[in-house]
Each structure stands twice: as structure tokens, then as C-alpha cells.
Amino acid sequence: MNETMICAVGNVATQPVFRNLANGPSARFRLAVTARYWDREKSAWTDGHTNFFTVWANRQLADNASASLAVGDPVVVQGRLKVRTDVREGQNWTSADIDAVAIGHDLARGTAAFRRTGKAEAAEASASPPRPEPNWETPAGESADTDREQHPEPAAVA
């Protein structure tokens, strides 16, 4: 399937609107994405044109987005771009929507405290205990050649 996947970095422009529909939860909000560039004449950063997208989230993403996002939050949104045209009251309208796959706070502009939702916590409790990280460094006293003997490199494919 050919779809246009995009990643947009911007700010939440409207409070997320949450709806419980027949086919599951849905939420939408407007995302403002403003280009910035260095103006050499002013020796300062300048805001360029602002694009607005309507972001749609479904199922668990809708629940989490509506509980986590507020107007002004810097976010990163990944999803499918949908450009729609419509005729309203005799005028042509075009809208750019993003059917979100993932939404997160932009950690380049602040910090966030992640909390798992109830469903994930229950699944983790029944899962196997966490395993320790492997030691990727060669232990002292062993050479890299010894490590290669234990873990040979895969053969090249012709």
C-alpha cells in the first residue's frame, strides 16, 4: 500500500477533543508547525510560514494523547498524511490531516515523565522477569581474537 508517511515537529494548537465512538476511542487536535530560519541581515532566528494540521488519533493512542497533551506542548507526530478537498458554501476548502501512528513530547525542548497505562502494567506483571543487559565489552585478559573464535562473523553473501 502506498501511503505518505510524515513526521511533523510542532506545537499543540488546540486542546485535544476526545470522543468514544462505536468503533473505539478517537481524539483530534490541531498541530502548528512553523519553519524557522537564520536571517543574516538581522543576525537572528526568524519565524517563517506556519502550517496547521489536524491530527487524528485512535484507540489507545487517543486515550493517551487526550490525557497527556495540552495547548502549547511541543510534540513530534508521525503518521499518514491525508490531504482533503471539499466544497463548503460554494468555496473550495483544502485540509491537511495526519492519521497519527505515534505522538510524543519533543524532548529537545523540555522533559517528560512517562507513565505506562493500566493495560501495559498488567501485561508486564504476567511477563517473564527482566533479563540483565549483556556485557558487550571483551572481558579483561581476553583478546579480540578469542572473541572472534567464540562468535565468528557471518559468511559474505555473493
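Two residues are in contact when they have heavy atoms within 4.5 Å of each other. The exercises below use that term on a predicted model.

**Exercise 1. Overall layout**

Find the number of helices and strands in the protein, their order, and the share of contacts that join residues at least 24 apart.

Solution.
- Step 1: count the elements. The protein has 3 helices and 6 strands.
- Step 2: read them from the N terminus on. The order is β-β-β-β-α-β-β-α-α.
- Step 3: take the contacts between residues at least 6 apart in sequence. Of these, 57% join residues at least 24 apart.
- Step 4: turn to the surface. The accessible surface is about 12,400 Å², and carbon and sulfur atoms account for 51% of it. Of the 158 residues, 20% are buried.

**Exercise 2. The two sides of helix 1**

Determine which residues of helix 1 are buried, how they are arranged around the axis, and what they pack against.

Solution.
- Step 1: apply the cut-off. A residue is buried if its relative accessible area is under 20%. In helix 1 this gives Leu61, Ala62 and Ala65.
- Step 2: look down the axis of helix 1. The buried residues fall within an arc of 100 degrees, so they line one face of the helix.
- Step 3: check the face turned away from the buried side. Arg59 and Ala67 are the exposed residues there.
- Step 4: list the packing partners of the buried residues. They are strand 2 (17–21), strand 3 (24–39), strand 4 (44–58) and strand 6.

**Exercise 3. The largest pocket**

Describe the largest pocket by its volume, by the residues closest to its centre, and by the make-up of its lining.

Solution.
- Step 1: recall how empty space is found. Rolling a probe the size of a water molecule over the atoms shows where such space is left.
- Step 2: state the volume. For the largest pocket, the value is about 530 Å³.
- Step 3: go to the lining. It consists of 16 residues, and those closest to the centre of the pocket are Asn64, Ser68, His105, Phe114 and Arg115.
- Step 4: assign the lining to elements. Helix 1 (59–68) and strand 6 (91–105) are the elements that give two or more residues. Helix 1 provides the largest share, 5 residues.
- Step 5: sort the lining by class. There are 9 nonpolar, 5 polar and 2 charged residues.

**Exercise 4. Positive phi in two loops**

Locate Ser43 and Glu89 and give phi for each.

Solution.
- Step 1: recall the background. Most residues other than glycine have a negative phi.
- Step 2: take Ser43. Its phi is near 55 degrees, a positive value. Ser43 sits in the loop between strand 3 and strand 4.
- Step 3: take Glu89. Its phi is near 50 degrees, also positive. Glu89 belongs to the loop between strand 5 (74–88) and strand 6.
- Step 4: classify the exposure of Glu89. The cut-off for exposed is over 50% relative accessible area. Glu89 has 85%, so Glu89 is exposed.

**Exercise 5. Surroundings of Trp56 and Val71**

For Trp56 and Val71, give the place in the fold, the exposure class and the residues touched, leaving out residues up to four places away in sequence.

Solution.
- Step 1: place Trp56. This residue is in strand 4, and its relative accessible area of 32% makes it partly exposed.
- Step 2: list what Trp56 touches. The residues are Ser26, Ala27, Arg28, Asp97, Ile98, Asp99 and Ala100.
- Step 3: compare sequence with space. Trp56 and Arg28 are 28 residues apart along the chain, with 4.6 Å between their C-alpha atoms.
- Step 4: place Val71. This residue is in the loop between helix 1 and strand 5, and at 48% relative accessibility it is partly exposed.
- Step 5: list what Val71 touches. The residues are Val12, Ala13, Thr14 and Gln15.
- Step 6: repeat the comparison with Phe29. Val71 and Phe29 are 42 residues apart in sequence and 9.2 Å apart in space, C-alpha to C-alpha.

Key: Residues are numbered from 1 along each chain as its sequence is written. This is a predicted model: local features need pLDDT of at least 70, side-chain atom pairs count only at pLDDT 80 or more; totals for chains, interfaces and linings use all residues. Side-chain values use heavy atoms; hydrogens and water are left out. On a 1 Å grid over the protein atoms alone, a cavity is a set of points where a 1.4 Å probe fits but cannot get out, and a pocket is an open set with protein on both sides within 12 Å along at least five of seven lines; lining residues have an atom within 4 Å of a point. Grid points are joined across faces, edges and corners, and a volume is the space filled by probe spheres set on the points. Ala, Val, Leu, Ile, Met, Phe, Trp, Tyr, Cys and Pro count as nonpolar, Asp, Glu, Lys and Arg as charged, and the others, Gly among them, as polar. Buried means under 20% relative accessible area, exposed over 50%, partly exposed in between (1.4 Å probe, protein chains only). Accessible areas come from the Shrake-Rupley method with a 1.4 Å probe; for residues, only the protein chains shown count as cover. The arc is that of the directions from the helix axis to the C-beta atoms.
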